[in-house]
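Please look over the model shown here. The report covers a pocket and two residues.

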Amino acid sequence: MSGHAAREGADRAEGADAAAPVRRVAVITASNRAAAGVYPDRSGPILVEELERAGFAAEGPWVVPDGAPVAEALRRALAEGYDAAITTGGTGLTPGDDTPEATRPLLVREIPGIPEALRSAGRDKGVPTALLSRGLAGIAERGGHRMLVVNLPGSGGGVRDGMEVLRPVLGHAIDQMRGGDHPRTS
């Protein structure tokens, strides 16, 4: 959890609720080439940084080949009690992009609004290929523990754009899965 202690101080300075529970997020990079050492993972570290900046305790990135290893990493995150697992990579159209197929069987409920918003936000920023992302979002569950799962694209820009969409709703989604109520407005 690199930088988390420093982030806690920054959260207090920004007025974050010190009594709020820690929200743990596993970051999983799905990349056959990065997992094989052909090149370094670029999107995973960006995602960790963006999550920590938003006040989450991020761990990873866990770099795995696409497909079945993604499902194994998601199961690991669920077994270890993470509140959310966010993947980066493997959501496109190439033959090896299997992250959605590895994710879907683990979900007990899908949350279609998240991937819809992610694709729309990319398109609205002038990235027409954002519409080609097949990423999913939903809830995985094991032994009464619930974990939010979100698939993001494998580019740094896609991760940053994705976090712009997730930042205002991620904490609320986790709180809802814990049984929290919607915040009341006066």
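The sections below take the pocket first, then each residue in turn.

## The largest pocket

This is a predicted model. Its largest pocket holds about 870 Å³ of space. The lining counts 41 residues, and those closest to the pocket centre are Gly 89, Gly 90, Pro 153, Gly 154 and Ser 155. Four elements each give two or more residues to this lining: β1 (24-30), α2 (32-35), α6 (113-124) and α7 (156-177).

By residue class, the lining of the largest pocket divides into 21 polar, 13 nonpolar and seven charged residues.

## Thr 29 in strand β1

Thr 29 sits in strand β1. Its relative accessibility is 2%, so Thr 29 counts as buried, the cut-off being under 20%.

Beyond its neighbours within four places in sequence, Thr 29 contacts Asp 41, Ser 43 and Gly 44. Pro 61, Trp 62, Val 63 and Val 64 are also in contact with Thr 29, as is Thr 88.

## Ala 85 in strand β3

Ala 85 belongs to strand β3, which spans residues 84-88. Ala 85 has a relative accessible area of 0% and is therefore buried, again by the cut-off of under 20%.

Setting aside neighbours within four places in sequence, Ala 85 touches Ala 26, Ile 28, Leu 74 and Ala 77. Contacts of Ala 85 also include Met 147, Leu 148, Val 149 and Val 150.

How far apart in space are Ala 85 and Ala 58, C-alpha to C-alpha? The distance between Ala 85 and Ala 58 is 9.3 Å, with 27 residues of separation in sequence.

How values were computed:
Residues numbered from 1 in each chain as written. Predicted model: local features only at pLDDT ≥ 70, side-chain atom pairs only at ≥ 80, totals over all residues. Heavy atoms only, no water. 1 Å grid on protein atoms, 1.4 Å probe; cavity = no way out; pocket = protein on both sides within 12 Å on 5 of 7 lines; lining within 4 Å. Points joined across faces, edges and corners; volume = space filled by probe spheres on them. Nonpolar A, V, L, I, M, F, W, Y, C, P; charged D, E, K, R; others polar. Buried < 20%, exposed > 50% of the residue type's maximum accessible area, 1.4 Å probe, protein only. Contact = heavy atoms within 4.5 Å.
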